[in-house]
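Here's a walk through the model, from the overall fold down to a single residue. Have the structure open while you read.

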Number of protein chains: 2
Amino acid sequence: MVFEVKKADSRTRARLGRLHTAHGTVETPVFMDVGTLGTVKALEPRDLVETGAQVVLGNTYHLLLRPGPEVIAAAGGLHRFMGWDGPILTDSGGFQVFSLAKMRRITEEGCRFNSHIDGHEFFLGPKESMEMQRVIGSDIAMVFDECLPYPCERARAQKSVEQTLRWAKASKECPHADGQLVFGIVQGGVYDDLRRHCAEELVKIGFDGYAIGGVSVGEPEECMYQAVEASVPFLPEDAPRYVMGLGVMHQMAECVARGVDMFDCVIPTRIARHGTAITRRGNVAIKAAKWAFDQGPVEEGCECYCCRNFTRSYVRHLLACDEILGLRLLTIHNVHRLNRFMAEMREAIAEGTFSEWKEQTRKETTDNE
Amino acid sequence: MVFEVKKADSRTRARLGRLHTAHGTVETPVFMDVGTLGTVKALEPRDLVETGAQVVLGNTYHLLLRPGPEVIAAAGGLHRFMGWDGPILTDSGGFQVFSLAKMRRITEEGCRFNSHIDGHEFFLGPKESMEMQRVIGSDIAMVFDECLPYPCERARAQKSVEQTLRWAKASKECPHADGQLVFGIVQGGVYDDLRRHCAEELVKIGFDGYAIGGVSVGEPEECMYQAVEASVPFLPEDAPRYVMGLGVMHQMAECVARGVDMFDCVIPTRIARHGTAITRRGNVAIKAAKWAFDQGPVEEGCECYCCRNFTRSYVRHLLACDEILGLRLLTIHNVHRLNRFMAEMREAIAEGTFSEWKEQTRKETTDNE
């Protein structure tokens with residue numbers, strides 16, 4: 001069994017679950033930390049354990065360019081390469097090909113593009129993506145898909161969904177690593193009937209889990225929830241559901257209420273490097289001069305290494321001087337904050353108080369987001 | 001008692017010692033890690049403990065500019081500000097004023113200069129330096145001095161030594177933090193009689209320890225040892241001796257053989273950030289393409305966190321991608337390497353095998369330095 005629903009909330013679609021992978025069990029709902037190039041930026045594996053991280057996400061596109069499949073294969077896969085023996089999920093690389101690379105040509109087989117690093121030419125389609133994910137040895141592989149931009153006209157969205165479905169089928173038929181789960185991706189933009197169609201066709205192919213893609217690409221918040229609501233009812237209850245690229249606390253809570261189990265986002269690590277802390281009450285620019293003398297922790301009551309040991313005054317000083325330790329401490333805090341947020345969410349579902357918890361935290365967390 | 005000689009080597013001037021400070025006892029010979037702006041770059045206090053670091057060096061000049069005395073005072077001193085409860089040594093700031101700042105005017109009272117960060121005007125002399133070191137609350141404060149360049153004519157050196165002696169006397173007469181030790185600094189360039197004169201005059205004033213300054217400023221290696229040999233015989237046996245700015249392994253061993261107990265240098269942390277590992281057999285550019293597939297650790301047999309957990313292939317990949325984790329792992333390794341080197345040196349002195357150990361390690365370590 002890949003996924004168990006341990007408890008379903010009585011008033012929402014939220015569920016407490018367990019996802020079994022080749023490198024351990026993941027308690028859901030879960031936020032996954034993005035380790036683009038084989039490291040969650042500025043953190044090492046022991047930091048991930050300490051901050052309560054469960055799953056690391058690796059980016060197939062980035063790892064294909066650097067260090068390349070040969071180096072990862074020589075190490076025996078990404079787990080051994082980066083020293084992380086917990087679960088790893090890899091995306092397909094499609095999103096980065098469409099957003100970062102200089103595209104040359106798209107065909108039924110995939111995309112020819114130039115690396116954004118050195119212009120080197122690559123080809124990535126379902127076959128190449130699945131092969132790279134097999135070499136990486138991720139516990140969860142994502143099918144190769146096209147992530148639609150927002151806004152997107154219906155005709156374009158419809159054509160893209162059909163392409164995504166053909167690529168999903170082709171991806172599933174490729175060889176996988178031992179024990180590797182494969183997730184399909186529901187696309188369809190803001191068109192409910194396309195979302196339903198895509199979900200139903202993916203379920204016919206049959207996957208270990210289902211992502212809802214093309215969300216958090218610049219659309220209004222309501223469209224995000226609509227995309228989830230248009231997809232979830234047509235996905236199996238006994239498979240995990242994953243909204244890609246989402247990491248804002250109250251938005252994750254709203255998606256969980258609509259039946260989603262998994263999330264990932266670069267936000268917590270990226271904004272840390274720009275001097276911003278995620279707190280229960282909203283984002284705080286710790287670099288601001290007003291904290292120069294502040295003897296409190298980055299977040300009151302937080303149990304992370306940063307908050308237990310250092311003051312806002314000190315972290316602010318480090319950030320003002322571009323000291324690596326400053327962004328590292330904030331990264332530790334932000335990752336801990338989101339992992340702790342998900343842990344509290346799981347506790348609330350377990351205790352049957354999810355709706356109250358969601359309302360309470362929403363009030364607290366939307367101040368400055 | 002500030003300093004105990006536990007064992008004197010029978011064939012050299014090397015000695016095994018214990019330096020007692022307000023924040024703990026330091027086993028000597030010791031290498032001190034440079035924490036310029038209130039952090040050993042890329043490391044946190046727990047890393048320092050893990051790598052065997054005993055003393056952190058703070059730079060008075062840098063801390064005066066950022067975050068400034070008010071912020072450090074608000075935290076209750078540098079120990080609490082940076083979360084390090086071990087010994088801290090502060091330099092006087094003189095070296096940076098003369099080497100980094102845009103100098104405006106030097107008088108008997110000190111130097112008027114412009115900050116290298118934002119051009120803001122400051123004044124630093126013995127009085128201001130000792131006051132800043134008092135606010136920092138370092139366990140060991142250094143007197144304000146002039147560090148002579150190499151080469152330097154005799155007349156200039158002589159005049160500077162007299163200035164340094166007057167500043168040393170003025171520094172000693174300033175108020176200090178509770179339990180703060182104060183070290184004098186022997187200057188005199190390459191002139192043996194000036195070194196002797198400076199040492200003798202400093203001893204008359206009376207300090208808790210004595211540094212040998214103006215060493216490792218670009219002079220030939222022999223001049224470095226000569227400066228030590230010209231100073232040490234005129235310094236008390238029961239006080240620690242400190243060569244400032246030196247961190248090359250075989251050079252430290254040679255200085256210990258000549259009676260030196262303490263060292264500091266930015267080299268291990270700086271070259272780590274440029275992708276170079278210090279190993280027993282010399283420096284290794286881990287960023288080099290030849291390590292792309294290498295499954296060995298950065299240094300065979302090393303017990304640091306980096307070498308126990310990661311391969312050259314992985315660290316090289318991180319460095320090639322400018323990932324923070326790469327320079328952090330190499331910093332951990334380099335700091336551990338030098339601290340381990342000093343620990344081995346102490347063991348050799350304790351066992352009466354220092355000379356053999358020095359010859360053996362010299363053969364090994366000078367390959368590529």
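## From fold to residue

This is a predicted model, and in chain A, 68% of the contacts with a separation of 6 or more are between residues 24 or more positions apart. DSSP gives chain A 15 helices and 16 strands. Its radius of gyration is 20 Å, close to the 21 Å from the globule rule for 369 residues, so chain A is as compact as a globular protein of that length. Along the principal axes, the C-alpha atoms of chain A fill a box of roughly 60 × 50 × 40 Å. As for burial, 55% of the 369 residues of chain A count as buried.

**Two domains, two chains**

The domain assignment splits chain A into domain 1 (3–265) and domain 2 (266–369). Taken over C-alpha atoms, the centres of these two domains of chain A are 26 Å apart. Where they touch, 30 residues of domain 1 of chain A are in contact with 32 residues of domain 2 of chain A. On the domain 1 side, the elements giving two or more residues are strand S4 (30–34), helix H1 (45–50) and helix H10 (249–257) of chain A. H10(A) has the largest share of that side, with 5 residues.

Chain A also meets chain B: 30 residues of chain A are in contact with 30 residues of chain B. Four helices of chain A give two or more residues to this side, namely H3 (69–75), H4 (78–82), H13 (312–320) and H14 (324–351). H13(A) gives the most, with 5 residues.

Here's how the residues on each of those two sides divide:

| Side | Nonpolar | Polar | Charged |
|---|---|---|---|
| Chain A, touching chain B | 17 residues | 8 residues | 5 residues |
| Domain 1 of chain A, touching domain 2 of chain A | 16 residues | 6 residues | 8 residues |

**A helix with two sides**

Now for helix H8 of chain A, residues 192–205. With 14 residues, H8(A) reaches 20 Å from its first C-alpha to its last, close to the 20 Å expected at 1.5 Å a residue. Which residues of H8(A) are buried? They're A:Leu194, A:Arg195, A:Cys198, A:Ala199 and A:Leu202. Looking down the axis of H8(A), the buried residues fall within an arc of 130°, so they line one face of the helix. On the other side of H8(A), you'll find A:Asp193, A:Glu200 and A:Lys204 exposed.

What do the buried residues of H8(A) pack against? Their partners in chain A are helix H7 (154–173), strand S11 (181–186), strand S12 (209–212) and helix H9 (221–231). After H8(A) comes A:Gly206, with a positive phi near 90°.

**An aspartate in a loop**

Finally, take a look at A:Asp261. This residue is in the loop between H10 and strand S14 (262–265) of chain A. Is A:Asp261 buried or exposed? There are 25 other C-beta atoms within 10 Å, and 20 or more make a residue buried, so A:Asp261 is buried.

Setting aside neighbours within four places in sequence, A:Asp261 is in contact with A:Arg15, A:Gly17, A:Thr28, A:Pro29, A:Pro240, A:Arg241 and A:Tyr242. A:Arg15 is 246 residues away from A:Asp261 along the chain, yet their C-alpha atoms are separated by 7.4 Å.

Definitions and conventions. Residues numbered from 1 in each chain as written. Chains lettered and ligands numbered in written order. Predicted model: local features only at pLDDT ≥ 70, side-chain atom pairs only at ≥ 80, totals over all residues. Expected span 1.5 Å × (residues − 1). Buried ≥ 20, exposed ≤ 12 C-beta atoms within 10 Å, placed from the backbone. Arc of directions from axis to C-beta. Contact = placed C-beta atoms within 7 Å. Rg over C-alpha atoms; globule rule 2.2 N^0.38 Å. Nonpolar A, V, L, I, M, F, W, Y, C, P; charged D, E, K, R; others polar. Domains from an automatic or database assignment.
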